[in-house]
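I opened this model to look up one residue, then one helix pair, then the chain as a whole. My notes follow in that order.

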Amino acid sequence: MNPPASARVGRPEPIRSYVALGDSITEGMEDNSGPGGEYRGFADRLAEHLGTLTPDFRYANLGVRGRRMHHIFGEQLEQALEWKPDLVTVLAGGNDVLRPGNDLDALAEHFERGVRQLRDAGLRVVILSGHDTGWIPVLRYYRGRIAVFSMHMRSVAERTGTEIVDLWALNALNDPRAYSEDRLHLNGTGHQIVAARVADLLGFPMGAREAWTDPWSTPPQQLPRILRRRENRRWARQYLVPWLRRRVMGRSSGDGRMARRPQLDFLYDEATRARVARDLTPGAPDSDQGPVAPVEEVPTISPSGTKGPEPRD
């Protein structure tokens, strides 16, 4: 959803609750920067940021690896509708698109029905589209299907008045340094890029815009061709073959797994929430001056979404 450039942006609506719907990327797979090496991911990183801006912020992450469209717009959707949070992010369809026999038009219709249910309930929704796999051996053959489905998502966003972050348009995600060894899931840096982009769209930037537009000061290292081939063979043995085997056998890496944060609950403990409340109250003891209200600005149109207010120095 891209508003006209003449529209004015005031103080963003506070976000007091957030529910993340999706599969392995929403779960945070391969970003093991959480406590004790637990997965974290873009949704957790975004929630941690939003939790410093609003006292008593609540968060649930229903993402589970391997989940398909009927799961995400099934039990996950029903739970979000019951909770009625201020914000819902949706990253769905990746596991369906990677199955060549699936009809992309039918998947898009299913996707739109789910998004419409969320929007009809009055919820603020941010869609995340697919990222480019053109640089990844084997997965580059799915590039066309991912591109078609991503365009479907943009169309759904336009028709339903939903905000969207186009991961395909994020040049930083075309860099191998944003991915884990399996080349399919983002690493901690990649998840941070996505979290920063969504936060910027919401109007609560996580620092400078370069955090998601240009996170590296140097170009990626190019290995000699012989080393690339050797690395590709190792990757295929370790990651591709098991992935293809699960597809053939109709299994998923998420079989039997539950969501990491299945309840919409406080993100921080009581002491931390009290400190956040003090920090957000101008003139309160042991507090700073409180958050600065975003300055009204003319929004700019970005290929990866509607850009929020510029961060202040």
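I started with the contacts of Thr89. This is a predicted model. Leaving out residues up to four places away in sequence, I found that Thr89 touches Tyr18, Val19, Ala20, Leu21, Phe42, Val126 and Leu128. I placed Thr89 in strand β3, residues 87-91.

Is Thr89 buried or exposed? I read a relative accessible area of 0%. Buried means under 20%, so Thr89 counts as buried.

Phe42 was on that contact list, and I met Phe42 again in the contact of α2 with α7. I turned to this pair next.

Helix α2 covers residues 41-50 and helix α7 residues 188-202. I noted an angle of about 50° between them, with the axes 8 Å apart. That angle makes α2 oblique to α7. The crossing of the two is right-handed.

Which residues make the contact? From α2 I listed Gly41, Phe42, Arg45, Leu46, His49 and Leu50. From α7 I listed Gly188, His191, Gln192, Val194, Ala195, Val198, Ala199 and Leu202. Sorted by class, the contact has eight nonpolar, five polar and one charged residues.

Last, I looked up the whole chain. I recorded ten helices and eight strands. The chain has 313 residues, and 47% of them are buried. Its accessible surface comes to about 15500 Å². Carbon and sulfur atoms hold 50% of that surface.

I also checked contacts between residues at least 6 apart in sequence. Of these, 76% join residues at least 24 apart.

Methods
Residues are numbered from 1 along each chain as its sequence is written. This is a predicted model: local features need pLDDT of at least 70, side-chain atom pairs count only at pLDDT 80 or more; totals for chains, interfaces and linings use all residues. Side-chain values use heavy atoms; hydrogens and water are left out. Helices (H or I, at least four residues) and strands (E, at least two) are DSSP runs, numbered from the N terminus. Buried means under 20% relative accessible area, exposed over 50%, partly exposed in between (1.4 Å probe, protein chains only). Contact means heavy atoms within 4.5 Å. Accessible areas come from the Shrake-Rupley method with a 1.4 Å probe; for residues, only the protein chains shown count as cover. Axes are lines fitted to C-alpha atoms, for helices over the stretch in contact, and angles run from 0 to 180 degrees between N-to-C directions. Angles under 35 degrees count as roughly parallel, over 145 as roughly antiparallel, 65 to 115 as roughly perpendicular and the rest as oblique. A crossing is left-handed if the near helix is turned anticlockwise from the far one by less than a right angle, and right-handed if clockwise. Ala, Val, Leu, Ile, Met, Phe, Trp, Tyr, Cys and Pro count as nonpolar, Asp, Glu, Lys and Arg as charged, and the others, Gly among them, as polar.
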